[in-house]
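Hello,

Here is the structure I promised to pass on. My notes follow below it.

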Amino acid sequence: MKTLFYNLLLAAVVASCANAPKENLPNGDEILATIDKVNLHWQAEHPLLTADSLPFRPYSNNSPFWDNAAYHTGNMEAYKLTHNETYLAYTKAWAESNLYMGATSTDTTEWLYHYGETPKHVLFGDWQICFQTYCDLYNLEPEPKKIARAREVMEYEMATPNNDYWWWADGLYMVMPVMTKLYNITGNAQYLDKLHEYWTYAKELMYDNKTLIGDTLANEPQFLFYRDGKYLYPKHQSVNGVKDFWARGCGWVVAGLAKVLQDLPEDCQYKAEFLTTYKEMCAAVKACQQPEGYWTRSLLDAEQAPGPETSGTAFFTYGLLWGINNGILDRSEYLPTALKAWEYLTQTALQPDGRVGYVQPIGERAIPGQVVDANSTSNFGVGAFLLASCEMYRLIQK
């Protein structure tokens with residue numbers, strides 16, 4: 001009787017597995033090969049200068065400005081996964097050529113935090129994202145010089161009464177993880193308190209979670225971030241009169257939240273709030289994916305700038321996969337979305353030579369008529385692709 005029972009139970013389990021939907025997961029070795037192909041192609045095409053110090057120049061291969069630094073966040077993630085010393089050597093050379101600094105002014109009386117590409121814009125987040133990677137390098141081989149400038153800048157900033165440092169969505173990816181990384185290195189709780197204070201300002205300014213804007217009735221909340229205060233609805237609308245949420249802007253936030261949640265201590269009083277916003281955004285992002293797997297540049301209005309875009313898609317893919325891998329997002333609900341996005345990234349965005357195409361150029365919104373095609377690539381787009389690839393590999397390993 002007992003044998004019959006176990007046989008029936010086994011048959012039921014086998015039948016259940018046979019009837020379960022197949023996930024068609026990618027091959028782990030192919031993912032690693034893709035990471036290597038993409039990363040080595042980018043590094044070969046963008047060699048670093050070898051001088052100990054360089055002229056202050058945004059947008060050079062050696063620059064610590066946001067676009068380049070965003071690539072290095074992806075490269076370091078690829079190194080953590082693969083332990084490929086070539087990847088690490090490239091980032092080490094970049095950091096050392098910048099003397100582990102962002103914007104270089106040493107006169108605190110002239111430090112600025114509105115938009116700017118000068119040595120004086122030390123407090124502007126686009127010059128602070130490099131500190132993420134300096135922290136990662138410190139964690140591998142602790143040397144005070146690697147985080148000395150990061151601590152100087154962030155601790156000066158935290159000593160001011162201002163809370164409006166993050167006034168654009170991109171800044172949340174640029175700087176939030178800097179705060180958690182420095183907290184974990186120093187144990188200084190002020191990093192978490194100021195993280196929450198600056199986040200609260202940014203969220204109240206840009207997050208669409210209300211049905212009212214002032215005294216004006218808006219359409220339903222979307223749980224997405226406007227790029228900045230210029231784009232709030234109804235003051236600004238898409239070409240078809242709906243709320244205009246920029247894909248890469250929201251991608252920065254989703255990816256930034258994943259990084260923050262990864263680093264926050266379990267007993268942090270602010271963690272539940274970050275987690276709630278992360279889940280709300282992931283649900284909203286899932287709802288506006290295109291059937292082909294990508295997200296269009298204007299998330300709710302595909303006609304504004306139609307066609308695929310890789311940087312926003314890759315950041316969303318990374319954020320969703322991170323949530324699945326860490327048991328925060330339901331696998332059965334979110335994995336089909338992530339797999340469709342992965343298929344787009346590897347079958348359409350990735351070119352035969354290793355170039356990552358369909359990356360919208362530097363900007364801040366979905367621009368009607370702007371050409372984004374297979375030849376459109378950029379450092380931050382490659383960084384986002386690497387982040388997504390690493391999380392996909394971790395999913396396979398689980």
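Where is the place of Y115? Y115 sits in the loop between helix 4 (85-97) and helix 5 (130-140). Bear in mind throughout that this is a predicted model.

**Surface patch**

Is Y115 buried or partly exposed? Y115 counts as partly exposed, because its relative accessibility is 43% and buried means under 20%. Y115 also belongs to a nonpolar patch on the surface. Its partners there are Y59 and I362. Together the three residues have about 290 Å² of accessible area.

**D228**

Next, a loop residue with polar partners. D228 is found between strand 2 (216-217) and helix 9 (247-263). Its relative accessible area is 3%, so D228 is buried; the cut-off is under 20%.

Two polar atom pairs involve the side chain of D228. One is a polar contact with the side chain of R227, at 2.7 Å. In the other, a polar atom of the D228 side chain lies 2.8 Å from the backbone nitrogen of K230.

What does D228 touch beyond its neighbours within four places in sequence? The contacts are W167, W168, M206 and E364.

**Nonpolar core**

The largest nonpolar core has 123 residues. W166 and F274 have the most contacts inside it. Which helix gives the most to this core? Helix 13 (residues 379-397) does, with 11 residues.

W166 has a long contact list, again leaving aside neighbours within four places in sequence. On it are L172, V175, M176, M179 and L195. Y198, W199, Y201, A202 and M206 are on it too. M206 thus links two of these notes: M206 is in contact with W166, and M206 is in contact with D228.

**N325**

The last residue to look at is N325, in helix 11 (residues 310-325). N325 counts as buried because its relative accessibility is 9%, and the limit is under 20%.

Which residues does N325 touch, not counting those up to four places away in sequence? N325 touches E391, R394, L395 and K398. With E391 there is a side-chain to side-chain polar contact of 2.8 Å. E391 falls within the residue range of helix 13 (379-397).

For a distance check, take N325 and K120. The two are 205 residues apart in sequence. In space they are 40 Å apart, C-alpha to C-alpha.

Best wishes

Notes
Residues are numbered from 1 along each chain as its sequence is written. This is a predicted model: local features need pLDDT of at least 70, side-chain atom pairs count only at pLDDT 80 or more; totals for chains, interfaces and linings use all residues. Side-chain values use heavy atoms; hydrogens and water are left out. Helices (H or I, at least four residues) and strands (E, at least two) are DSSP runs, numbered from the N terminus. Buried means under 20% relative accessible area, exposed over 50%, partly exposed in between (1.4 Å probe, protein chains only). A polar contact is a pair of N or O atoms within 3.5 Å; within protein, one must be able to donate a hydrogen and the other to accept it, and residues adjacent in sequence count only if both atoms are side-chain atoms. Contact means heavy atoms within 4.5 Å. Patches are made of residues with over 30% relative accessible area and no salt bridge: like charges are joined within 9 Å, nonpolar side chains (Val, Leu, Ile, Met, Phe, Trp, Tyr) within 5 Å. Accessible areas come from the Shrake-Rupley method with a 1.4 Å probe; for residues, only the protein chains shown count as cover. A salt bridge is a side-chain nitrogen of Lys or Arg within 4 Å of a carboxyl oxygen of Asp or Glu. A nonpolar core is a set of buried Ala, Val, Leu, Ile, Met, Phe, Trp, Tyr and Cys residues joined through side-chain atoms within 4.5 Å.
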